[in-house]
Amino acid sequence: ASGMHNHNDLSGQGCLFEVAGIVDPNYAGLDMSIAGAIDLGTALQTWIDKEVSEPSAEFLCPAAGLEIDEHAKFGHYDSFAGNDEHITYYHTGNDRIRQDDVSSAESKAHTTAVSGSSGKYFQPKGLFVKVGTSQISDGYPMKIPHPVYVPDAKRSVDFVFEGVREKFVRNKICGTDTCVVSARLKPTATTFHKSGDTDGAGLPYDGLQPVGHVKGPSDSGRPEYLHQPLFFDGDEKLYSQEDCTYVERGDGNGIKIYRPKSDGDPGAFDESASESTYQLVEKSYVDQNSDDFQSHIDIEVATGLGARQRMRFGTSYSIWECNPTSHNKCSLAVGSKGQNECYASAGSSAFDGLGVLDKNDLTTLGRNNFTYPCSAANLITPRVVAGKILPMYWFEESTIHATTGEIDALADIAASYSKAGNVMIRVFAFFTIGMFLGFSMLFLCLCFEKKHSFMNSETPSAPATKTETTNA
């Protein structure tokens, strides 16, 4: 730090973290058109030049009790892709996204403000470990949520400390040949769960985040959801979805999700095979293999610097209802003998709208019971009930925020701190031993002097007796 605050020189005090603001145009602090905005770039340059701080730059190293909101927002996005908020989905009050929500007159656009960091900067805990240790932190981050903006979700996701590992094994990030202690952050257990917010999380099941219509919003694509891979931390119902009663059906036919057991070609799918090469995906299986599916971010706690991250999320599409009354193409899949199981009322209206001769001919042929498929799966699987949310793929994005050189620099700081601490400990030890020896010698000297002078008082000899003889 640098500059003066309340007549105190702040040079060299604290502030071990980088200051965001001149790194990326998406970071806060560059848009000076916003009233009251803090120019972080100028503040950083002031810090570099060791100039006297202006009032707007005092937040770099404030005195205790003078913190302001900006301290918790280092590295946070102020906007993304030019917007400070994004539409997550259009909703009409239904319990899930429907394909025509965007064009519906009853729809309401739900937006979420851009917030959270990029994963590179977090609120630092500072240098607080005992002097003489070989690290600059104990690897335990601040006990607060760390929001990270996830562009695919159009919102931020809270990351929290994973907790103490078995046998207190510490997470580490390594440079060229030295490692420093770090903390691993993972998404909260309620990620994409329903809450009081209006971002659509948890619709229609906990663990899902509506994000529009196939990279939309549009009214021509399939409803799209983002979630953790294989619905990790989501509602167990997602693995079966047997209660889909959305479109003129009182029952549901459910789904099953499989994935290959190995990375190679699993071959043709055969559920009945005794040695299947596919794994049935159930909640118990996903929970047991959570480390393979969860996102994580490794941060250096003292500086708040994000070092490594792996973002893992999945995308699912919803099979939407193909309503013949609102989509002309859906009316082409009519079954005139009642062989389909949905939209019978729409079929009856369509039949009644025909001419008398056509109706008579169709009735004679037994083709007067118009029905339609239950979803946009159409003729291929006409009995699939709309609303099934089917996982399409999941992906992993790995990012290295801190270079090897930056980690080496942190390791050098830790080594320097340890060396300085050890020197101080040795000096204090020598001083203590010296004081002890000095007092001991003084005590001995005093004892010696007392023993040879005033401690041993000489006993005076008995006076001589004078005997006088008297002659008679």
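In the predicted model, Cys-342 is buried, because its relative accessibility is 0%. Cys-374 is likewise counted as buried, with a relative accessible area of 0%. These residues are partners: Cys-342 and Cys-374 form a disulfide in which the sulfur atoms are 2.2 Å apart. The torsion about their S-S bond is about 90°, so this disulfide is right-handed. Cys-342 belongs to the loop between β14 (305-318) and α4 (344-352), while Cys-374 belongs to the loop between α5 (356-364) and β15 (389-400), so the pair ties together parts that are 32 residues apart in sequence. A disulfide is a covalent bond between the sulfur atoms of two cysteines.

The count of disulfides comes to 2. Besides the pair just described, Cys-174 and Cys-179 form a disulfide, with 1.9 Å between their sulfur atoms. The link of Cys-174 and Cys-179 is right-handed, with 95° about the S-S bond. Cys-174 has a relative accessible area of 35% and is therefore partly exposed, since partly exposed residues fall between the limits of 20% and 50%. Cys-179, at 29%, is also partly exposed.

For the chain as a whole, the model contains 6 helices and 15 strands. The chain has 472 residues, of which 40% count as buried. Its exposed area is about 26,600 Å², and carbon and sulfur atoms supply 54% of this area. Among the contacts in the chain with a separation of 6 or more, 66% are made by residues 24 or more positions apart.

The interior was examined next. The largest nonpolar core has 18 residues, and those that touch the most other members are Leu-208, Phe-231, Val-281 and Val-286. A second, separate core has 17 residues, including Val-148, Ile-299, Met-311 and Phe-313.

Phe-231, a member of the largest core, lies in the loop between β10 (223-227) and β11 (258-260). Its relative accessibility is 1%, so Phe-231 counts as buried. When residues up to four places away in sequence are not counted, Phe-231 touches Leu-208, Leu-238, Tyr-239, Ile-257, Ser-316, Ile-389 and Pro-391. One of these, Leu-208, is itself named among the core residues that touch the most other members. The backbone of Phe-231 has a positive phi of about 60°, although this residue is not a glycine.

A positive phi of about 60° is also found at Lys-154, which is not a glycine. Lys-154 is placed in the loop between β5 (146-150) and β6 (155-161). With a relative accessible area of 15%, Lys-154 is buried, because the limit for a buried residue is under 20%.

Another backbone feature is a cis peptide bond, which joins Leu-203 and Pro-204 and has an omega of about -5°. Pro-204 is located in the loop between β8 (179-187) and β9 (209-213). Leu-203, on the other side of this bond, is one of the residues touched by His-91. The other residues that His-91 touches, leaving out those up to four places away in sequence, are Arg-96, Glu-106, Ser-107, Lys-108 and His-110. His-91 is in strand β3. Its relative accessibility of 13% is the reason that His-91 counts as buried.

The loop between α1 (40-49) and β3 (85-91) holds Asp-78. Asp-78 is partly exposed, with a relative accessible area of 36%. Asp-78 and Ala-113 are 35 residues apart along the chain, and their C-alpha atoms are separated by 9.2 Å.

At the surface, a nonpolar patch of about 540 Å² is made by Phe-431, Met-435, Phe-439, Leu-442 and Leu-446. Leu-442 lies in helix α6, which covers residues 404-451. Leu-442 has a relative accessibility of 48% and so counts as partly exposed, because only values over 50% are called exposed.

Terms used:
Residues are numbered from 1 along each chain as its sequence is written. This is a predicted model: local features need pLDDT of at least 70, side-chain atom pairs count only at pLDDT 80 or more; totals for chains, interfaces and linings use all residues. Side-chain values use heavy atoms; hydrogens and water are left out. Patches are made of residues with over 30% relative accessible area and no salt bridge: like charges are joined within 9 Å, nonpolar side chains (Val, Leu, Ile, Met, Phe, Trp, Tyr) within 5 Å. Accessible areas come from the Shrake-Rupley method with a 1.4 Å probe; for residues, only the protein chains shown count as cover. A salt bridge is a side-chain nitrogen of Lys or Arg within 4 Å of a carboxyl oxygen of Asp or Glu. Helices (H or I, at least four residues) and strands (E, at least two) are DSSP runs, numbered from the N terminus. Buried means under 20% relative accessible area, exposed over 50%, partly exposed in between (1.4 Å probe, protein chains only). A disulfide is a pair of cysteine sulfur atoms within 2.5 Å. Contact means heavy atoms within 4.5 Å. A nonpolar core is a set of buried Ala, Val, Leu, Ile, Met, Phe, Trp, Tyr and Cys residues joined through side-chain atoms within 4.5 Å.
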